Every structure is written in C-alpha cells, then in structure tokens.
Amino acid sequence: RLAPTTTPARAAGFIGTAEDVTQRRAWEEKITYQAQHDPLTGLVNRRRLVEVLHELLGSRRGVDRQFAVLFVDLDGFKGINDTYGHEAGDRVLVEVARRMRRVAREYDIVSRVSGDEFVMVLRNVLAPFDAEAAACRQLEALSVPFRIGRHEETLSASIGVAMPASFDTPDTLLKAADLV
C-alpha cells in the first residue's frame, strides 16, 4: 500500500507498507474450497453445482448451452449402510465418486448433491444420444463389485438424463433429470 505524502511546496514522496498475505490467501482458498465441495468425496457440492448451472444457462455463448445433466441415484445403498455400517457406506461413496470422475471427461462436472445422489454436468453434448452413451459408461463403471472387508457387493444405479431448454432453471433441469 502506498500513500502519497506532500509538503506545502511540493510532493515529497510516498509512504509504503507491505504485508504478507500468503496465509490469508491460503485460508481464503481453503474456505472457498470447503464451501463448494462435499467433505467426504471431494466432489462439487449442490451449492456450487447450482451456480455452474446458472452460469451455463445464462451464458450467451451457444457452446455453453450444449450440455446435459445426469442424475445418478444409487440403488440399494441403504442396504450397505444397514449391513456393514456407515463407515463402510462412506468408503463406498468415496469409491463411487472415484469411479465417476475416472469415467468423466476432464471438463465435465461431477457432484454429490445428497446421501447417495450424484449429478454430472456433461459439457459439449450435442444430442441426447451422447448423454445416454455417457450414462451407460457410468453404469458400467458402477456395476463392478465394491469390496467391503472380505465381502463384495454389487450396486446398481438409476440415471436420469436431461438437456436444457430455453425456459429451464437449475431447479427445473435437476428435477427433470431426477424424474427420468
């Protein structure tokens, strides 16, 4: 920070102060990350997902509006928690997140919106067929059995697909994908 100093006859110079903001910036980045990500899986959380959808739906660039939403609901997850406990259930959720990220493209967004519900935003999707193919790849990755201690469990998932229309909001788009 610089502040000019003057004398009645002329400018005398500046007085400066310096402050190391490294720790404050690191703290701000950490807080921002925590506000936008699920603490268990590290995936984008519902709040950030809605922000991204607002940005995409409000964009004037046509390429931004070429996306699809996949709503992934794990079938039978409650049985994992009931049989093996919540800690095992958490490990399964972390593995689900890992598998979904591995299958997703680098510019797609993978989000955990609640307990066993995940949402993906697939960018650069030109037709429903492309979104359905991505959903099939996710189902295939999730169909591989999960190892829980000495046991293997197979989960299935239901995936709904929705593509934006001109009247959509993030809420209507998410509801449409959840209903399919």
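**Figure 1. Helix α5 gives the largest share of the lining of the largest cavity, three residues.** The model shown is predicted. Two elements, β5 (117–123) and α5 (128–142), each supply at least two of the lining residues. The full lining consists of V103, A104, R105, D108, M120, L122, A134, R137 and Q138. By class, five of these residues are nonpolar, one is polar and three are charged. The space inside the largest cavity is about 40 Å³. The structure holds one cavity of 30 Å³ or more.

**Figure 2. A salt bridge joins D108 and R105.** Their closest N and O atoms are 2.8 Å apart. D108 is buried, because its relative accessible area is 11% and the cut-off for buried is under 20%. R105 reaches 30% relative accessibility and so counts as partly exposed. Both D108 and R105 belong to the lining of the largest cavity.

**Figure 3. R105 sits in the loop between α4 and β4 (109–114).** Neighbours within four places in sequence are left aside here, and the contacts of R105 are then L122, R123, N124 and V125. Of these, L122 also lines the largest cavity, as R105 does. R105 and R123 lie 18 residues apart in sequence. In space, their C-alpha atoms are 8.9 Å apart.

**Figure 4. Helix α2 (residues 46–58) carries the pair R48 and E51.** The two side chains meet in a salt bridge, with 3.0 Å from N to O. R48 and E51 are three residues apart, about one turn of the helix. E51 is partly exposed, because its relative accessibility is 33%. The pairing extends to E55: R48, E51 and E55 are linked in a network of salt bridges.

**Figure 5. R91 and E87 pair within helix α4 (residues 86–103).** Their side chains form a salt bridge at 3.2 Å, N to O. The two residues are four apart in the helix, so about one helical turn separates them. E87 is exposed, with a relative accessible area of 61%. R91 is partly exposed, with a relative accessible area of 47%. The cut-off for exposed is over 50%, so R91 does not reach it. The structure as a whole holds 11 salt bridges.

**Figure 6. S59 lies in the loop between α2 and β3 (67–75).** S59 counts as buried, because its relative accessibility is 16%. With its neighbours within four places in sequence left aside, S59 is in contact with D64 and R65.

**Figure 7. H151 is found in strand β7 (residues 151–153).** H151 is partly exposed, because its relative accessibility is 41%. With neighbours within four places in sequence left aside, H151 is in contact with Y84 and F146. A104, one of the residues lining the largest cavity, is 47 residues from H151 in sequence. The C-alpha atoms of H151 and A104 are 27 Å apart.

**Figure 8. The chain that frames these views holds six helices and eight strands.** From the N terminus on, the order of elements is β-β-α-α-β-α-α-β-β-α-β-β-β-α. The C-alpha trace spans about 85 × 45 × 25 Å along its principal axes. The radius of gyration is 23 Å, whereas a compact globule of 180 residues would have one near 16 Å. Of the 180 residues, 35% count as buried; D108 and S59 are among the buried residues. Contacts with a separation of 6 or more were also sorted by sequence distance. Residues 24 or more positions apart account for 60% of them.

Definitions and conventions: Residues are numbered from 1 along each chain as its sequence is written. This is a predicted model: local features need pLDDT of at least 70, side-chain atom pairs count only at pLDDT 80 or more; totals for chains, interfaces and linings use all residues. Side-chain values use heavy atoms; hydrogens and water are left out. A salt bridge is a side-chain nitrogen of Lys or Arg within 4 Å of a carboxyl oxygen of Asp or Glu. Buried means under 20% relative accessible area, exposed over 50%, partly exposed in between (1.4 Å probe, protein chains only). On a 1 Å grid over the protein atoms alone, a cavity is a set of points where a 1.4 Å probe fits but cannot get out, and a pocket is an open set with protein on both sides within 12 Å along at least five of seven lines; lining residues have an atom within 4 Å of a point. Grid points are joined across faces, edges and corners, and a volume is the space filled by probe spheres set on the points. Ala, Val, Leu, Ile, Met, Phe, Trp, Tyr, Cys and Pro count as nonpolar, Asp, Glu, Lys and Arg as charged, and the others, Gly among them, as polar. The radius of gyration is taken over C-alpha atoms; the globule rule is 2.2 Å times the number of residues to the power 0.38. Contact means heavy atoms within 4.5 Å.
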